[in-house]
Amino acid sequence: MNVYKIEAGTAQHIGNRPEQTDRTALFTGARAPGFMMAVLADGVTGGATASDQVLLTAKQQFDNFKPGDDPSIERLQGLLRDIVLETHTVLKLNALTSKTESHSTFVGLVITPKGTAVWAHVGDSRLYRFTRAECAVRTSDLSYIEHLVGTDKLPLEAAKNHRHSKLLVNVLGNSRKEPFVAVGHHEHLAAGDTFLLASDGLWHFFTDNELGAVTNKNTPRQASELLINKAVERAQGKGGNCTMAIVKLVKPPKEVPNYTVERMRRAV
């Protein structure tokens, strides 16, 4: 198994909006030692109600998750699907009393102690996986478009333009449509792998190569500062909420042999 340590962080900027409706967090599982989860949610309508609920549900589900010795990829993907579906149900129930729907996107990532990453997303928030500076994976709406063509019998061009119709927005909390969850995974993680979860207020302003270069050369904190500053500059006062979570796998520091430490002490 490849040896690495995890460096991770989150960052946000409100942009030109009156309210920050994005949410992001990093979790460890109460009953899942060595597992970590990163979650990002973009509140599309109804303020931060929906994105707050995403994080609350994610933490509850992850705290209750008992992985066992070697959980399958399908079971881990099921955990992320459960977060989506439970949040979606809660938001729909809340809408019955408030008479107002709250919608949110979702991106979730789970990394296991055995070097497997599993992710899921709903909507236009994205997950990127970089191998050093190269973009190896970027989530997209392709699978959702295929879903629309297959289940709703839409012509391909109409499905590609689904964002232009409020009836076809793939989000949590939409009473007209169940959320479509796209999943992915990668095994044998190694130092040099980096994951970026990003809302559209961030990824809209960068190419894949730019994101890969910045995350590869910097710590998560440094990278987030550089990306937010550049996104604000490129938005020219018109940018929305900008949110990210960065999970970077790096080589652990070399251990200093005990005899070397002792010799150093004597020399002081």
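Q: Does Glu101 count as buried, partly exposed or exposed, and what is the reason, in this predicted model?
A: In this predicted model, the relative accessibility of Glu101 is 22%. Buried would require under 20% and exposed over 50%, with partly exposed in between. Because 22% falls between these two limits, Glu101 counts as partly exposed.

Q: In which part of the chain does Glu101 lie?
A: Two elements frame this residue, namely helix α2, which covers 73-98, and strand β4, which covers 103-104. Glu101 belongs to neither of them, and its place is the loop between α2 and β4.

Q: How far apart in space are Glu101 and Asn174, C-alpha to C-alpha?
A: Along the sequence, Glu101 and Asn174 are separated by 73 residues. Even so, Asn174 is among the residues that Glu101 touches, together with others including Gly173 and Arg176. From C-alpha to C-alpha, the distance between Glu101 and Asn174 is 7.1 Å.

Q: Which residue's side chain joins that of Glu101 in a polar contact of 2.3 Å?
A: The side chain of Glu101 makes a polar contact with the side chain of His103, but that one is at 2.6 Å. The polar contact of 2.3 Å joins the side chain of Glu101 to that of Ser175.

Q: Why are α1 and α2 described as oblique to each other, rather than roughly parallel or antiparallel?
A: Two packed helices are described by the angle between their axes and the distance between the axes. For α1 (residues 49-63) and α2, the axes come within 9 Å and cross at roughly 135°. Roughly parallel needs an angle under 35 degrees, roughly antiparallel one over 145, and roughly perpendicular one from 65 to 115. The angle of roughly 135° fits none of these ranges, and α1 and α2 are therefore oblique.

Q: How many nonpolar, polar and charged residues make up the contact of α1 with α2?
A: Helix α1 passes α2 in a right-handed crossing. Among the residues that make the contact are Val54 and Phe62 of α1, and Ile83 and Glu86 of α2. By class, the residues of this contact divide into eight nonpolar, six polar and two charged.

Q: At what angle do helix α6 and helix α7 pack?
A: Helix α6 spans residues 208-217 and helix α7 spans residues 220-235, and their axes are 9 Å apart. The contact is made by residues including Leu211 and Val214 of α6 and Leu226 and Leu227 of α7. The two helices pack at an angle of about 145°.

Methods:
Residues are numbered from 1 along each chain as its sequence is written. This is a predicted model: local features need pLDDT of at least 70, side-chain atom pairs count only at pLDDT 80 or more; totals for chains, interfaces and linings use all residues. Side-chain values use heavy atoms; hydrogens and water are left out. Axes are lines fitted to C-alpha atoms, for helices over the stretch in contact, and angles run from 0 to 180 degrees between N-to-C directions. Helices (H or I, at least four residues) and strands (E, at least two) are DSSP runs, numbered from the N terminus. Contact means heavy atoms within 4.5 Å. Buried means under 20% relative accessible area, exposed over 50%, partly exposed in between (1.4 Å probe, protein chains only). A polar contact is a pair of N or O atoms within 3.5 Å; within protein, one must be able to donate a hydrogen and the other to accept it, and residues adjacent in sequence count only if both atoms are side-chain atoms. A crossing is left-handed if the near helix is turned anticlockwise from the far one by less than a right angle, and right-handed if clockwise. Ala, Val, Leu, Ile, Met, Phe, Trp, Tyr, Cys and Pro count as nonpolar, Asp, Glu, Lys and Arg as charged, and the others, Gly among them, as polar. Lists of a residue's contacts leave out its neighbours within four places in sequence.
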